[in-house]
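Visitor: I would like to know what stands behind the labels here. Could you take me through the reasoning?

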Amino acid sequence: MFNTGLDNLSEQWFEGQTAVVTGGSRGLGLAITSVLQARGASVCIIDNNAEALAEAAAVLDPHRTATAFADIRDGEQVETALAIAQQAFGPGIDILVNNAGVVGTNGLTWDLDDDNWGLVLGVNLDGTFRCCRAVAPVMKDNGYGRIVNIASIAGKEGNPNAAHYSTSKAGVIGLTKSLGKELATDGVLVNAVAPAVISTPMLDDMTAEHVAYMKSKIPMARFAETSEVAHLVAFLSSPLMTFSTGAVFDASGGRATY
């Protein structure tokens, strides 16, 4: 097991800041939420799993945690969730981490049905777009903001038997680059993280063969721990990040080749 480093986070990068983390109640999202809070942020978690939201709230700082039940595929629900964050912590939103995602059912491209394709693209790409669309004007008006989108190495390379997931994450990378340019002079930075496989419950939705294939592609011969990616996300969300936008930061254990 890897040390989360939470006991050593003496630098309060986010004191007085408000963060919104989608899918922040489980796996990587909960790790990101925990690190942001440890460095001083108040965090609103958006998730569509009420039980997971309650469980996350029980282990986080109650004074700096808000929860919003929402399906990010629905623009109105996204707006309602952001209003909850603003009611809890004030009108400004300083950080948005678009972490919510699904992998769908593995299969050859010609065997993917519309429902499977639509679910993965709807959550991973459409949901990220809707959250960015809602938050970007708030950050632009405030003259400051950090948006971090969780992409994937699959969005760069394309994984076989996962065309829907690979396509959605490639779209997230394209969205990141476009939005980063649009906000480049407004004090709002937009970057993406492209992990290889992370040890989260999402692996349970994949076939054993697909999991083995992905591990075989990683030179470090292991999956990432959530804490390793969460600390990178925290840095990209911080005031220390000042001259990178529209960029993709790999966390691939050496898999990334460009």
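Guide: Start at Asn-98: in this predicted model, its bridge partner in E5 is Asn-149.

Visitor: What makes E4 and E5 a pair?
Guide: Two strands pair if there are at least two bridges between them. E4 and strand E5 (residues 145-150) have 4 bridges, in the parallel sense. The cut-off is met, so they pair.

Visitor: How do you know that E1 pairs with E4?
Guide: By the bridge count again. Strand E1 (residues 18-22) and E4 share 3 bridges, also in the parallel sense. At least two are needed, so E1 and E4 count as paired. Ala-19 has Ile-95 in E4 as its bridge partner.

Visitor: Why is E4 called covered on both faces?
Guide: In a regular strand, side chains alternate between the two faces of the sheet. In strand E4 (residues 95-98), Ile-95 and Val-97 lie on one side, Leu-96 and Asn-98 on the other. Buried means under 20% relative accessible area. These four residues are all buried, so both faces are covered.

Visitor: What packs against E4?
Guide: The buried residues of H8 do; they also pack against helix H1 (27-38), E5, strand E6 (188-195) and strand E7 (247-251). In helix H8 (residues 226-236), the buried residues include Val-229, Ala-230 and Val-233.

Visitor: Why is Glu-51 called exposed?
Guide: Exposed means over 50% relative accessible area. Glu-51 has 56%, so it counts as exposed. Glu-51 is found in helix H2 (residues 50-59). Its C-alpha is 9.3 Å from that of Ser-25, and the two are 26 residues apart in sequence.

Visitor: Why are H4 and H6 called roughly parallel?
Guide: Helix H4 (residues 114-142) and helix H6 (residues 163-182) pack at about 15°, their axes 8 Å apart. Angles under 35 degrees count as roughly parallel. H4 and H6 therefore qualify. Their crossing is right-handed. By class, the contact has 11 nonpolar, 7 polar and 1 charged residues.

Visitor: Why are H3 and H4 called oblique instead?
Guide: Helix H3 (residues 75-89) and H4 pack at about 45°, with axes 9 Å apart. Roughly parallel needs an angle under 35 degrees, and roughly perpendicular runs from 65 to 115. The angle of H3 and H4 falls between those ranges, so they are oblique. H3 passes H4 in a right-handed crossing.

Visitor: Which residues of H3 and H4 meet?
Guide: From H3, Gly-75, Val-78, Glu-79, Leu-82 and Gln-86 take part. Their H4 counterparts are Arg-130, Cys-131, Arg-133, Ala-134, Val-135 and Val-138. This contact holds 6 nonpolar, 2 polar and 3 charged residues.

Conventions
Residues numbered from 1 in each chain as written. Predicted model: local features only at pLDDT ≥ 70, side-chain atom pairs only at ≥ 80, totals over all residues. Heavy atoms only, no water. Axes fitted to C-alpha atoms, helices over the stretch in contact; angles between N-to-C directions. Parallel < 35°, antiparallel > 145°, perpendicular 65-115°, else oblique. Left-handed = near helix turned anticlockwise from the far one by under 90°. Nonpolar A, V, L, I, M, F, W, Y, C, P; charged D, E, K, R; others polar. Buried < 20%, exposed > 50% of the residue type's maximum accessible area, 1.4 Å probe, protein only. Contact = heavy atoms within 4.5 Å.
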